[in-house]
Amino acid sequence: MPELPEVEIVKRSLLNKVKNQKISKVDVFNRSLRYRIEDRFEDFLKNQKILNITRKSKFIILHFLNDNYCIIHLGMTGTLHLLDNKNPNKNTNLSFYHSKILPKKHNHIEFNFSKFSLVYNDPRRFGFFKLIKSKYELDSFFKPFYPEALDSGFNLNYLKKKLKNKSKNIKNFLLDQNFVSGIGNIYASEILYYCKLNPLKKGKNLNTKNMKRIVKYTHFVLIKAIKKGGSTIKDFKNAKGSIGNFQKEFKVYERNNLKCLRKNCDGIIKKINMNNRSTFYCNNCQK
């Protein structure tokens, strides 16, 4: 699943291509995504001009006139592809896990513009599109996802309040979108490495120094990942055809049984399974 940095890169790629563009037509080939595409979807979006594209947590938001919006969530396997009308075989994948080649199957939605199309492909259909008709409705939708990992609200005081007397481990806290939104499995492991924290450490056992490090290195890792263009696990490419390079910066993720990269640490990276997710950490410097 794409995490906050990858969704941010997709958003920026869309900004470069579709901002101020008018949707001439929308084709829905399959309404059965995570939530059913409503019947008025095509008519609602036809002839709408995209005024802006923003991101909140792992969601992309298309902005239209009169406080109308369309929220996009890519789910586990959703990808967005730009198709040039003059050269439809030259397409670019704006999403996370897959190659830039548009698959022949599982194309569910197509946004048509004057010179290109934007296609949503999703084999597992866990993604969704949601129409929003007011700023109040938009704010209400995102209220459960506050704070985002890069928001000022994700701070020391917030952590002290939320982690007090909690037996839940810190790795699962970071993955809990109701605790902090935008962090997924890859970046949670990387953040905890920089914090020198064992992923199994319970919230109630974290001291002020630990919490300050969590805030500091959450910002550090995510901002660095955005600057590097996200993490390419297979062949993520943005609208300019550039791949993400943050996977070259991984300190623990998918480095099991390799030596820790921290200076003067003799530890080995271990892999454990937590809630059906692979977790990586150094057995020496992460206490």
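**Entry 1: the five-stranded sheet.** I began with an open sheet of five strands in this predicted model. I read its strand order as S1-S7-S8-S5-S6, and the pairing is antiparallel. I noted that strand S1 (25-28) and strand S6 (91-93) occupy the edges. Each of these two has a single partner strand, so one side of each lacks a neighbour in the sheet. For the turn between neighbouring strands of this sheet I recorded 15 degrees on average, direction ignored.

I then looked up how S1 is held to its partner. S1 pairs with strand S7 (residues 107-112) in the antiparallel sense, over four bridges. For Lys-25 I found Asn-112 as the bridge partner in S7.

**Entry 2: the four-stranded sheet.** I turned next to an open sheet of four strands, ordered S2-S3-S4-S9, again with antiparallel pairing. Its edges are strand S2 (52-56) and strand S9 (128-132). Each has a single partner strand, so one side of each is left without a neighbour in the sheet. I recorded an average turn of 20 degrees between neighbouring strands here, direction ignored.

I examined two pairings within this sheet. Strand S3 (residues 59-63) and strand S4 (residues 69-73) run antiparallel and share four bridges. Leu-62 is placed opposite Cys-70 in S4. Helix H1 (residues 4-18) packs on this sheet and touches S2 and S3. I noted that the direction of H1 makes about 175 degrees with that of S2.

The second pairing joins S4 and S9, antiparallel, over five bridges. In it, Tyr-69 lies opposite Ile-132 of S9. I also asked how many residues of S9 are buried. The count is four of the five, so S9 is largely enclosed by the rest of the structure.

**Entry 3: H1 against H7.** I looked up the contact between helices H1 and H7. Their axes come within 9 Å and cross at roughly 35 degrees. The crossing is right-handed. From H1 the contact residues are Leu-4, Pro-5, Glu-8, Ile-9 and Arg-12; from H7 they are Leu-222, Ala-225 and Ile-226. By class I recorded six nonpolar, no polar and two charged residues in this contact.

**Entry 4: H4 against H7.** I then examined helix H4 (residues 156-163) and helix H7 (residues 208-227), whose axes are 9 Å apart. The packing angle is about 120 degrees, and H4 and H7 are therefore oblique to each other. I noted a right-handed crossing for this pair. On the H4 side I listed Leu-156, Leu-159, Lys-160 and Leu-163. They meet Thr-208, Met-211, Lys-212, Ile-214 and Val-215 in H7. By class, the contact of H4 with H7 holds six nonpolar, one polar and two charged residues.

**Entry 5: the chain as a whole.** I closed with totals for the protein chain. I recorded seven helices and eleven strands. Of the 287 residues, 54% are buried. I also asked what share of the contacts with a separation of 6 or more comes from residues 24 or more positions apart. The value I entered is 63%.

Conventions. Residues are numbered from 1 along each chain as its sequence is written. This is a predicted model: local features need pLDDT of at least 70, side-chain atom pairs count only at pLDDT 80 or more; totals for chains, interfaces and linings use all residues. Side-chain values use heavy atoms; hydrogens and water are left out. Axes are lines fitted to C-alpha atoms, for helices over the stretch in contact, and angles run from 0 to 180 degrees between N-to-C directions. Angles under 35 degrees count as roughly parallel, over 145 as roughly antiparallel, 65 to 115 as roughly perpendicular and the rest as oblique. A crossing is left-handed if the near helix is turned anticlockwise from the far one by less than a right angle, and right-handed if clockwise. Contact means heavy atoms within 4.5 Å. Ala, Val, Leu, Ile, Met, Phe, Trp, Tyr, Cys and Pro count as nonpolar, Asp, Glu, Lys and Arg as charged, and the others, Gly among them, as polar. Two strands pair if DSSP finds at least two bridges between them. Buried means under 20% relative accessible area, exposed over 50%, partly exposed in between (1.4 Å probe, protein chains only).
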